[in-house]
Every structure is written in C-alpha cells, then in structure tokens.
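Here are a few short exercises to work through with the model on your screen. Try each one yourself before reading the solution.

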Amino acid sequence: MSNSDTSLRSAHPAFEAVRQQTIDSLNIRVEHYEHKKTGAVHYHLASDNAENVFLVALRTVPHDSTGVAHILEHTALCGSEHFPVRDPFFMMLRRSLNTFMNAFTSSDWTAYPFASQNRKDFNNLLQVYLDAVFFSRLDPLDFAQEGHRVEFSEPENPNSDLVFKGVVFNEMKGAMSSISSTLWSTLCEHIFPTSTYHYNSGGDPQRIPDLTYTQLQAFYRSHYHPTNAIFMTFGDIEASAHQSVFEEKALRHFESLSEKIQVQPEQRLTQPKRVQSAYCFDENDTTDHKTHLVIGWMLGESSDLKQLLEAQLLSSVLLDNGASPLQHALETTELGRAPSPLCGLEDSMRELVFCCGVEGSESEHVDAFEDMVLAVLERVAREGVSQQRLEAVLHQLELHQREVTGDGYPFGLQLILQALGCATHYSDPIAVLDLEPVIAELQQKIQDPDYIRQLAGRLLLDNPHRVTLVMTPDTELSARRMAQETARLADIKAGMNEAQRSATVQLATDLSARQAQVDDDSILPKVELSDVPATLPEPTFKQTEVHGMPFTTYGQGTNGIVYQQCTAPLPALSEEHMQILPLYTNILTDMGLGKHSYMDVQERQAATVGSIAGFVSMRGHADDEQHVNGNFTLSSKALLRNAHEQAQLMSDTLHQVKFSETTRIRDLVNQQRARRDQSITGNGHSLAMTAACAGMSPLAMLHHRQSGLAGIRQLRILDDSLADDKRLEAFALEVKGLHESIISTPMQFLVIAEDDKVSEVARDISTLWPEVARGPEYPRLQMSRIREQRGEIWLTNTQVNFCARAYPTVAERHPDAAALTVLGGFLRNGFLHRAIREQGGAYGGGASHDSGIAAFRFYSYRDPRIVETLQDFDASLAWLLDTPHDNQSLEEAILGVIGSMDKPSSPAGEAKQHFHNRLFGRNHETRQRFRENILNVTLDDLRRVTETYLRPDHASTAVVTNSGQLDATTSIREALNLTVQQL
C-alpha cells in the first residue's frame, strides 16, 4: 500500500514543495521538491536509516563516441573552486568513513553518489561533491591525464615515437576487450540509428583522441548546470537540511538555463535489419564456434510504468529460468553453445530494448536461429503460457519490491538508481518505486488468457524495429587497429613543427610536475580517528535445538522475507571432487527432483522462492593459513507466506536431487564456461592476484585451480570433453558421489526473519528435516601444506594488462596482521595511485593484505604497462622505507580500513555474515580485537612488517596480457623466471 499526501514537511525557502508519497512496502516516504530559481529537482527518500545517501545527476547526451561525458566525469573530480587541490576525490576517499563513494557515466546521465553513516563525514563529502560538480576547475593537465594526450615514448626525447596516454583511454581499451561490451555497443549502434545511444558514451578508444579540451569545456557549461540537475537523497536527515547546503554551496550562484537537455525519441525502423560485424580474437585457438548471434528489439518508453512493467512481465515469462520457453530454446539449441550474455530487458535508456541470443555459434546458422526464436514467440502468441508461470513471475516482482538489499550498493542508493531513469526523462520517479499498485493491476490482467499472447505479438512478433547482429571472431583485427593507431601517431608526429614537438615535451614535463606536487590538503574537510565509534554493534541471535536439530535464528527487519540456510562442514574430499566443487554447487539447484524434471523444478522454484543456491565457503584458520576449514551451504529466500514450502524445497533439493539428466549437466557446464570466459577482462586484476598468490597456502592454490586462470583453462578442457557421452556419464557420477559425501556430514540451520516470526518459522520448518542433523563421525577436510614462489604470464584476449605481485605473510590472529592490512592503504594512498594511475595511465592500482591466505598483494587494472608497473610495486616499498612520513597519512590509511570494516550490510546480510564468521571461529570479540589492533598501528609497525615480509627474494609475480606482449616482456620474463601460460 502507498498513500499520497499534499502536506509536506517544511522545505527550505529556496525550494517549493511539490508532493510526497509514502511507500509502505519500502518503509520510505518520497518527497518531491523543486528549486524556485533554477528548476533543479530534489527527491528525498525519507527513511529511518542512519546510512544517508546523496546523489546528484546531470542529464548528459553526447553526440559522438569521444567519451566526452565519461572524461568529464573524471576531470570534474580533479579540483574545484573552493578545493583547488589536484585530486580532491581520491584525497577525500582516504579522509572519510564513507560506505560508498564513486561517480558513474551512463548512456544518458552522469551521477556523483556517496553514502555515510557519520553525519560529520556526510556533510564533509556533500561540500566537496557540490563544489566538484558545479565549480570544477577543469585544468587542461587533468584533461590530459584523465582523458587523452600524445606523449613521446621517451617523454623528453622528441625523436622517439609518439604514444597515446590517458586513464579513460586505457579504461575503455580494457572495457572494449570484453566481448559482451563490444556486442552491446555494436547492437546499440544499429538499434538506435539517430539518438545518443548510437554512440559509445564511455568512449571508443579510436575516437577518444578526437576530443578537444575546448569541447570538454563546452559540454561542461551546457550540461553541468542546476537546471539540468537531479538531486536525490535517502536517510534520516531532513530534506530541508540538505536543501540548505545545496542552496548555500551551489544553487544560489545560478540562474535558470533556457536550454532543455533531453534524449530525443528514436525513429522507428519500418522493417527488421541484419548486421554483420567482427570482434577482436587474440587467443591462440581456433575460431570455430566463436560467433555470437543476437536479436534485439526496441520497445516502448522506459519512463512509462505500464510499458515498463509489461515488458518486464514478457521478458520474465520468456527468459526467467530454464523452463521459460525462450530460455529453454537458447539453452538446448544445437545452434550455439550457451545463451548470450545480452539476454534480457535493458531498461536504463529512454526506450526499452529486449535481447536474446547465443554464443559459440557460426554465422551460417543465423537464418535457423532467427527462425527458432520467432517460432518460440509465435507459439507463445498462439498458445500463451500457464497461469502458474504468470503467477510465479508476479511473485518474483513482489519479492523484489519487498527485499531490503544493501550487501553491494547501499540500500538507499539502489532505490535512488532505480528511480533515476524516470527522473532523467522528466517522468515520475516515485511511481517506479511504488510497484504494488501496478503488480495488483497486472494480477487482474493475467487472468485473461489472451493478455500475454497479445503482449508477445505486439511487443515482439509484430514489431519491425528489430536488429539481428552476427558478430564473428577476427584474429587480425587487433593488429589492424594497432597498425592504424601507429600510423595515426606517425602522421601526427610527421605534421609537428619544432614548436609543437617542444610543446609535447613540455606537456609531459608539466604533467609530471603536477602529479608530483604536494597540495595543501588542510583545505579539505576530514574525519579523524576520534570520530570513529569505539565498538561495533553485534547482531542478536539465538541458538536452540528444535526437534533435536541445531538452529541459529536472527530477528531482523527483513520486511516480510524469510532467509533460510542449511550448512554442513566439508568432509575429506578427493582432489577430483575438490576441483569440481564450484560446478557441483552450480548444478545442484538446476537439476530435477525425484520424479520431476529440471523444468518442473524451475517452475516450482519460481513460484516458491526468490532464489535458491548452493555455495562453498572455505577459510584458512585464524592462527594458521595452512589449516583450511570449509562448509557447504544451501541458501534461499522467500516471502513469509511461503516459508514452509521454501524449507520443503530445500529438503527435497538435498535429498531427492537426481543427476541423471546428463544433457542438462552438459548445458550447465557450457553456460558456466561462457560466464567465466566473459569475466576475464572485467576481473583480470583479481585473476592475476589469484595466480600470484597460488603458492602462499593450500586455499590460495585451490582458488587458482577452481576459479582462477588455471580453473578457467581446466573448465574449458572439461567442457570440451563432455561432448563424449561416456565422459558425460562418468562426470555425472562424479558429481553424484560428491553430493553424497557432502550430505553425509551433520547439518545445522540458519533462519532470518522478522523478530516476532523467526521462532515460529524455525519450529515449523524443523519438521521437514527429520534425520538430517545427526550422522556418524566423518573424515575431516584436509589439504596439503604449501609455501612456494611462483611466476607466470598468462595470455588471453585483452588489449590491456593486469599485473600482480604477492608476498607470503601471516594469518589473521598474528600480531602483524593488522599492520599489514593498514600497509595496503598506506602504499596505495601515498605512492601507487600516483605512480600507476596518474603517471602510468592504468585505470587502477593498489595493494592489500589477505589474512585468509596469508598474502600481501599488489595489483594494476587495465594497465598499458607491464615492466614499469612491476618496478613501481618495488619502488613503493623503497618509498615507504626511505621517506619520512607523517601521522596524518597513517591516520588516513587506518580510516580506510575501519570504514571498510564498519560498512553496513542489509539486515539479512549482516546476520549471514555474523553466522558464517562464527562458524570459522571469528566471533564478534575476535573482530572487535582486530579492529582495535588496526586503530593502534604505528608508522614503525609499517616499516617493520615491510622489512620482515615484503622481501624481493620472496615475491611471486603474475601478469595477464596478450600474445603481442611476449617480445616486449622477454627481459622481465627471464629476470623473474616467468613461465608463459596459454589460457
């Protein structure tokens, strides 16, 4: 239920109150205001939540692919009128207790959000953000650093070759190494022939160098104005308090802007079109079965709630799970290996886009693929779908509306981002938050059997605005693009006169000097260690035995959702079973149960729970990283009214699962392979760190073999082998054997629900687990000790590099663990950010300590360099030991660690984290003691642990790059004894 009120709480005099609406299902009151002078809008989501969120968004509508909006997002944060320091954004990151702090460039808006639980911190960040957005200095040197520039490969030698540099330039080279990004960018280019979505808002690396500083300034003046701004806030600070700051720090300095920035509606295609394009394929592998086939339709307006919900309903009916008609066809067709990563509804732009496709195909299959998809749609338009499926889709919508999230982004920020699209297009963002009335309306409409049939016809079958994309691998495209870039740079150099060559040298000199300058950071506000709360609150829980079974219950504000988990310790497992654990947990909840097929079970899941999934968690012992414990968990969430059926489904999943549907197993392995392959370029720094750390502990090695680069390679081998039916049958038996080993160990249960319901839920569901909790003694998990140096260079499909270096250290309870944890932030803040991002041009770089595997890791992300970055890792240690440091730098590093530790989760996430920490011997007192140790770290501690543990002769190195870098890395490979690994 929701209600609309005309009486708003008092607004600031500069603002006019428009309306408010209470949304009971979200426990918020949405208040809408407009600034009288400029027309800026302010939506305040009033909530009894101390994690306050701020976001200011600007409608940004680029008309080319130079990345102007993206580069402006970066450059705006590099110094402003009242905070004229070189890098206030990153400086505030380390002077803050923020729970979130970032900036985003979308296809038609740019947003600057942050969140904090500390009022002083919130006010500090608000001042800096407002000044950055509305009074940015836009220094030309920052444009050169963050956007693009040409520089001589030897900066002071005008006879050396020119190179392109720039943070966004390299970021987008990395982003466009992702096949899914290339697919989406190419599809949009053709689905949107005339509007802003035709262009790559992040920037095409081939077009980014076309952007001039003058164009950047003009875009800033026309777009970064309060008339074009959307202010959104969430939390327990009054709207008028926010508005007072908005007015004082920014809005009073502006008049209304006459120009209205908006996305123009796209011209509709009168007939479907087909497009063929290519993507870079740099792997040392065959191009067979590497083509992507995707069909995209442009639908109605995303800001029209009726059109949005109808499109979501149809998309869910078609694609929600393996039993959905279109998803089933995509998963089981012989025309491709797996469904495309683009499958689904994209609702972030003015017009909605629905996509489906397959990967691992061939271009000659495109006719058959189109016929298959259209045949499925025709069947739905002719026969409809069952009432049960429609009810299940609405059930999922209802659960999504109720759930209080916040384990990734803060809950308030998720709500704000959900509403931002409508506000961007001058529509009602409140309606898109209040879905209950629309769900009730859809509930009535689906009673008519013709409703879904007509939707399938109107939105898809009879819609001529359809584009089929055939994306083929090209093994020479990267080389051609590199040759074009080299030729372009050669032409630029050939056209330079003496003055221009001197100016290029001077730019590099000036930029280097600017990057090295020490700004007066005292002009920036900050929180101090005295602002840090002394203790952390501990969730309240109860441990009981219900019908002889161990239950842990948490009464949390879950808004009518019940979370259940059953957990069992991992027994001793063979090496083969350890290797397939991630596949087992992925397969378990996608199989048939008893007499029912996997498709029947998918329907049952959709009608009963919001999700059900198995996972394995493993940690090194708090005193000894060589001793590893592990648990298997089956987890689900459901509406309170379905808690009994939820538990029954979980019990059946563990005790009636059948692994005889081997074709389904093969499809699931194939899909897992596709997902893992797609994740490489977006997750390259983590994969590099995992490879570098593999010799530090048994768990580190297992991570590398299961989910790291070695695991991806092994998964490819396994997937190829399952084409043989006998091997497939044998693999199914391996999975079954692993399952039987896991469920033979004693289980315990976790229930999280509203405080007045949780005990009742636990009693009710305990009747469904008669014999599970007790079992015979079982052999305990054991893993061989390991501590070895490693060096590897991995070759894959990427235009940028990811570098990592790791050192063996100590486990969590060791006295030095706290200092090593603080050291990571200290090195990042004081040296690595400047050397790797600002000077080196990588999108990111840093260092951290992982006490679970006892390893200290350096990393770079989307990096144009390799050798120099590895040298920078070493140079950071010399900087720490040889340079005098002040206590403020130490305090900033400590604040970063504390902010991360104190970051709130969702109500359910907080309880789950507490429960699993205790399973691994890390109770609240352990966490509190480690937090106190962090607060007590000294500069001498940092120097001591650096000298003790980060010794060059103990370092392990891993690099993720492409085959074109082999010659350039010959000397470093020989010096560090790096072995080449082909993914």
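**Exercise 1.** Which strands does helix H12 lie across, and at about what angle does the helix run to S22?

Solution. This is a predicted model, so keep that in mind as you go. Start by finding helix H12 at residues 387–402. Next, look at what the helix crosses: strand S20 (561–569) and strand S22 (624–639). Finally, compare directions: H12 runs at about 120° to S22.

**Exercise 2.** Work out the strand order of the open sheet of six strands, and find its edge strands.

Solution. Walk across the sheet and you get S18-S19-S23-S20-S22-S21, with mixed pairing. The edges are strand S18 (541–546) and strand S21 (611–621), each of which pairs on one side only. From one strand to the next, the twist averages 25°.

**Exercise 3.** In what sense do strands S19 and S23 pair, and over how many bridges?

Solution. Take S19 at residues 549–555 and S23 at residues 748–753. They pair in the parallel sense, over five bridges. To pin down one spot, pick Thr552: its bridge partner in S23 is Leu750.

**Exercise 4.** How many disulfides does a search of the whole structure find?

Solution. The search comes up with zero. Now check Cys188: the nearest cysteine sulfur belongs to Cys355 and is 7.7 Å away. A disulfide needs the sulfur atoms within 2.5 Å. Going the other way, the sulfur nearest to that of Cys355 is the one in Cys188.

**Exercise 5.** Is Cys188 buried or exposed?

Solution. Buried means under 20% relative accessible area. Cys188 has 6% relative accessibility, so this cysteine counts as buried. Cys355 counts as buried too, at 2%.

Note on methods
Residues numbered from 1 in each chain as written. Predicted model: local features only at pLDDT ≥ 70, side-chain atom pairs only at ≥ 80, totals over all residues. Heavy atoms only, no water. Pairing = 2+ DSSP bridges. Helix = DSSP H or I, 4+ residues; strand = E, 2+ residues; numbered from the N terminus. Axes fitted to C-alpha atoms, helices over the stretch in contact; angles between N-to-C directions. Contact = heavy atoms within 4.5 Å. Buried < 20%, exposed > 50% of the residue type's maximum accessible area, 1.4 Å probe, protein only.
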